[in-house]
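With the structure open in a viewer, please follow the stops below in order, making each selection before reading on.

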Amino acid sequence: MKGKLYLIPTTLGENEPLEVMPYSVRKMVELIDHYIVENEKTARRFIKKITPKKSQPSLVMMKLDKYADEMETRTYLDVCEQGISVGLLSEAGVPAVADPGATIVKLAHEKGIQVVPLVGPSSILMALMASGMNGQSFAFNGYLPIDKADRKKAIKELERLSKEKNQSQIFIETPYRNEKMFSDLKAALTPQTRLCIAVDITLPEEYIKTYTIAEWKQQQPDLHKRPAIFIIQK
């Protein structure tokens, strides 16, 4: 029998893993020795935290980041042919969603390897849950353009789509550019468009608020270098 590809979520910050994930995640980490990861150091730290007694020298870490060679990554699931299961470990949250792991999941399907997603925190879905916006129709748009003019155009387009489709529009930003994003949203969106900002989800300092743009203009939340999800609905 072939091994399986397990999609293993991690915490969204430095909280205790079993506070936000079911025991099934710990159980699978205890059993799996082969991992595909973005950063070996943080992956090993997570594994040690969730299973302190697991032997670190026995772990096989295969790197998947922007520098990874495509031909090499296509060999990462070869061990599954020998009946060995592999864990795809996210840097934060769930694998393959706003995460490079999607390429490995695609490869698993091509090779006929069973993909097993495990339950864990998704900042995107948790932000939507807490936003009060449309959870029946929504779109995740990843990162918006960096160029100011292109970003303004993208923001206005998302606002238009939100009204036209009655759809929540979700996006993210690099944490050190959050405050610039907030400023651009206040400048580009109409006063009655609602904006949810969800910061540090699952952490003690979690902050999730939804206001109209007119109301946000009276607010100044601390967003600097804090992981954030933005959602708008017109």
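Contact, as the word is used on this tour, means heavy atoms within 4.5 Å. Please also keep in mind throughout that this is a predicted model.

**First stop: His-224 and its loop**

Select His-224, which is found in the loop between H9 and S10, and display whatever surrounds this residue. Which residues does His-224 touch, not counting residues up to four places away in sequence? With that exclusion, His-224 touches Pro-175, Tyr-176 and Glu-179. If you draw a distance between the C-alpha atoms of His-224 and Glu-179, you should find them separated by 6.2 Å, although the two residues are 45 residues apart along the chain. His-224 has a relative accessible area of 40% and is therefore partly exposed, since that class falls between the cut-offs of under 20% for buried and over 50% for exposed.

Now select Lys-225, which lies in the loop between helix H9 (213–216) and strand S10 (228–233). The backbone deserves a look here, as phi of Lys-225 is near 55 degrees, a positive value in a residue other than glycine. Lys-225 counts as exposed, because its relative accessibility is 59%.

**Second stop: Asp-200**

Move to Asp-200, whose place is in the loop between strand S8 (194–199) and strand S9 (207–212). Phi of Asp-200 is near 50 degrees, again a positive value in a residue other than glycine. Is Asp-200 buried or exposed? Its relative accessibility is 6%, so Asp-200 counts as buried.

**Third stop: helices H7 and H8**

Select helix H7 (residues 148–165) together with helix H8 (residues 178–188), and turn the view until both axes can be followed; the helices pack at an angle of about 60 degrees, with their axes 10 Å apart. That angle makes H7 oblique to H8, and the crossing of the two helices is right-handed. To see the contact itself, show the side chains of Lys-148, Arg-151, Lys-152, Ile-155, Lys-156 and Glu-159 in H7, which meet Lys-180, Met-181, Asp-184, Leu-185 and Ala-188 in H8. Among the residues of this contact, four are nonpolar, none is polar and seven are charged.

Stay with Ala-188, found in helix H8, and colour this residue separately. Not counting residues up to four places away in sequence, Ala-188 touches Lys-152, Ile-155, Lys-156 and Glu-159. The C-alpha atoms of Ala-188 and Lys-153 are separated by 8.6 Å, with their positions 35 residues apart along the chain. Ala-188 counts as buried because its relative accessibility is 8%.

**Fourth stop: the five-stranded sheet**

Finally, select the open sheet of five strands, which has the order S3-S2-S4-S1-S5 and parallel pairing. At its edges are strand S3 (60–63) and strand S5 (115–117), each of which pairs on one side only. Neighbouring strands of this sheet are turned against each other by 25 degrees on average, direction ignored.

Within the sheet, select strand S2 (residues 34–37) and strand S4 (residues 86–89), which run parallel and are joined by three bridges. A useful pair to label here is Tyr-35 and Gly-87, for Tyr-35 stands opposite Gly-87 in S4. Then add helix H5 (residues 102–110), which packs on the sheet and touches strand S1 (5–8), S2, S4 and S5. The direction of H5 makes about 155 degrees with that of S1.

Conventions: Residues numbered from 1 in each chain as written. Predicted model: local features only at pLDDT ≥ 70, side-chain atom pairs only at ≥ 80, totals over all residues. Heavy atoms only, no water. Axes fitted to C-alpha atoms, helices over the stretch in contact; angles between N-to-C directions. Helix = DSSP H or I, 4+ residues; strand = E, 2+ residues; numbered from the N terminus. Parallel < 35°, antiparallel > 145°, perpendicular 65-115°, else oblique. Left-handed = near helix turned anticlockwise from the far one by under 90°. Nonpolar A, V, L, I, M, F, W, Y, C, P; charged D, E, K, R; others polar. Pairing = 2+ DSSP bridges. Buried < 20%, exposed > 50% of the residue type's maximum accessible area, 1.4 Å probe, protein only.
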